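Colleague: Hi, could you walk me through this one, in plain words? I'll just ask as things come up.

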Amino acid sequence: MVRPLSNVDPSLRRCWHPVARPSEVTEQPRQVLLLGEPWVLYRAGGRIVAFADRCPHRRTPLSLGQCEGDTLQCAYHGWRFDASGACIEIPALGRGARLPPAARLSGPAGLAEAHGIVFLAPEEPIAPLGSIPEADDPSFEAGELPTLVARASAGLLADNFLDVAHFPFVHAGTFGAGEAAEVPQYAVVRDDWSFTMSYEHAFANREDPGVAAGIRPLVQTRRLSYRLTAPFHLRLRIDFVEAKGTNVIGFFIQPETADSCRLFTTLWRDDLSGDPARMAEAVEFEVAVLREDLRIQESFHELALPLDPTAEVHTRADRTTLELRRVLSDLVAAVEG
Ligand code: FES
Ligand code: FE
């Protein structure tokens, strides 16, 4: 039997994870938690660097220290390290002393910045970063949600993002009121460490000014396209067929510890004509939607995603979330060889 996937599963070390917004990383060290382990991030010469947040001397968190130029000084005995992680000074030994070769910091296998998020891979990643093509398309503008912290399982949060049967129940206070409960037939297409699912459905487009103007009917069609890249990179693209316009939601989950996650959510829209007030309103609405989801997600007793297909009951409306379990169980198997 496959074990449920917890936030600190060792196989997740071979994956990319979001750890910060670029604006959070400054010239002074900052600690982030990933898979139960601390990392220190800072900027050296404008470039973001990351190391395990543990001094090789007495394991003090380096994030307690200070940066001066490109060097980081440990808060305990003042050892100094350059931006490559090499120790360049041990004050207790005096100037010109020979420094122990093992006195160096260990970095992650990968560090990257993409679509407004800093990603870190502790060990050689086997799955690619999730892509957001709209982030590089000038006709779209981005609106970032505040980064939320939740007592939750990253696997269950990804499951929730891909789930299309909960809208009328969980989101009755936002967009779910009046949504049809029956989920249309849809197909899931797997592509290596990603899969996509899309379907079209009818909905009441109350935001469309064309409805009030009598140009378009209230009931219109929208196409929902979901994409997951393992482990927890998610994108939903919503295309409004009659009213035109596209809304994209990027959702990236940082499994911090066994019971905590940080959630990086960004909206990309091409239908707001550069109006910051409308984007602020869209962001606020999305925060309200996310809080409705978190009410359920934070209440789970066991914070792990079951990967054993016999551990839960699945229906045809759950094809996408069943595929999530398959991709992640393939990932665990690939890492464990
Ligand atoms: Fe860092 Fe001693 S613990 S210098
Ligand atoms: Fe939801």
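Colleague: Where is Ala204 found?
Modeller: Ala204 belongs to strand S15. Helices (H or I, at least four residues) and strands (E, at least two) are DSSP runs, numbered from the N terminus. You are looking at a predicted model, where local features need pLDDT of at least 70 and side-chain atom pairs count only at pLDDT 80 or more, while totals for chains, interfaces and linings use all residues. Residues are numbered from 1 along each chain as its sequence is written, chains are lettered from A and ligands numbered from 1 in the order in which they are written, and side-chain values use heavy atoms, with hydrogens and water left out.

Colleague: Is Ala204 buried or exposed?
Modeller: In between: Ala204 counts as partly exposed, at 29% relative accessibility. Buried means under 20% relative accessible area, exposed over 50%, and partly exposed lies in between (1.4 Å probe, protein chains only).

Colleague: And how far apart are Ala204 and Pro217?
Modeller: They are 13 residues apart in sequence, and their C-alpha atoms are 8.8 Å apart in space.

Colleague: Stepping back, how many helices and strands does the chain have?
Modeller: There are five helices and 20 strands. The C-alpha atoms fill a box of roughly 80 × 50 × 30 Å along the principal axes. Of the 337 residues, 51% count as buried.

Colleague: What about contacts between residues at least 6 apart in sequence?
Modeller: Among those, 59% join residues at least 24 apart. Contact here means heavy atoms within 4.5 Å.

Colleague: Can we do salt bridges? How many are there in the whole structure?
Modeller: A search turns up 19. A salt bridge is a side-chain nitrogen of Lys or Arg within 4 Å of a carboxyl oxygen of Asp or Glu.

Colleague: Let's take one. How does Arg237 meet Glu134?
Modeller: Their side chains form a salt bridge, 2.8 Å from N to O. It links distant parts of the chain: Arg237 sits in strand S17 (residues 233-240), Glu134 in the loop between strand S11 (117-121) and strand S12 (141-144), 103 residues apart. Glu134 is buried, at 3% relative accessible area, while Arg237 is partly exposed at 24%.

Colleague: What's the story with Arg223 and Glu200?
Modeller: Their side chains also meet in a salt bridge, at 3.3 Å from N to O. Arg223 is in strand S16 (residues 219-229) and Glu200 in strand S15 (residues 194-204), so this pair ties together parts 23 residues apart in sequence. Arg223 is partly exposed at 30%, and Glu200 is partly exposed at 43%.

Colleague: What about Arg326 and Glu323?
Modeller: The closest N and O atoms of that salt bridge are 2.7 Å apart. Both residues lie in helix H5 (residues 319-336), three residues apart, which puts about one helical turn between them. An α-helix has 3.6 residues a turn, so residues three or four places apart point the same way. Glu323 is buried at 10%, whereas Arg326 is partly exposed at 41%.

Colleague: While we're in H5, what is Thr320 in contact with?
Modeller: Leaving aside neighbours within four places in sequence, Thr320 touches Leu162, Tyr186, Val188, Phe195 and Met197. Thr320 is in helix H5 and is buried, with a relative accessible area of 1%.

Colleague: New topic: which protein donors does the iron ion (ligand 2) have?
Modeller: His166 (NE2), His171 (NE2) and two entries from Asp293 (OD), lying 2.1 to 2.5 Å from the iron ion. Donors are N, O and S atoms within 2.8 Å of the metal (3.2 Å for Na, K and Ca), and water is not among the atoms, so sites may look incomplete. The donor residues are spaced H-x4-H-x121-D in sequence. His166 is buried at 11%, and His171 is buried at 1%.

Colleague: What do the angles say about the site of the iron ion?
Modeller: They run from 56 to 148° among the four donor atoms, and the site is irregular. Four donors count as tetrahedral if all angles lie between 85 and 135 degrees; four count as square planar and six as octahedral if opposite donors are over 155 degrees apart and all others between 65 and 115; anything else is irregular.

Colleague: Last one: which residues of H4 are buried?
Modeller: Among them are Met279, Val283, Leu290 and Asp293. What covers the buried residues of H4 includes S12, helix H1 (154-162) and strand S18 (246-257).
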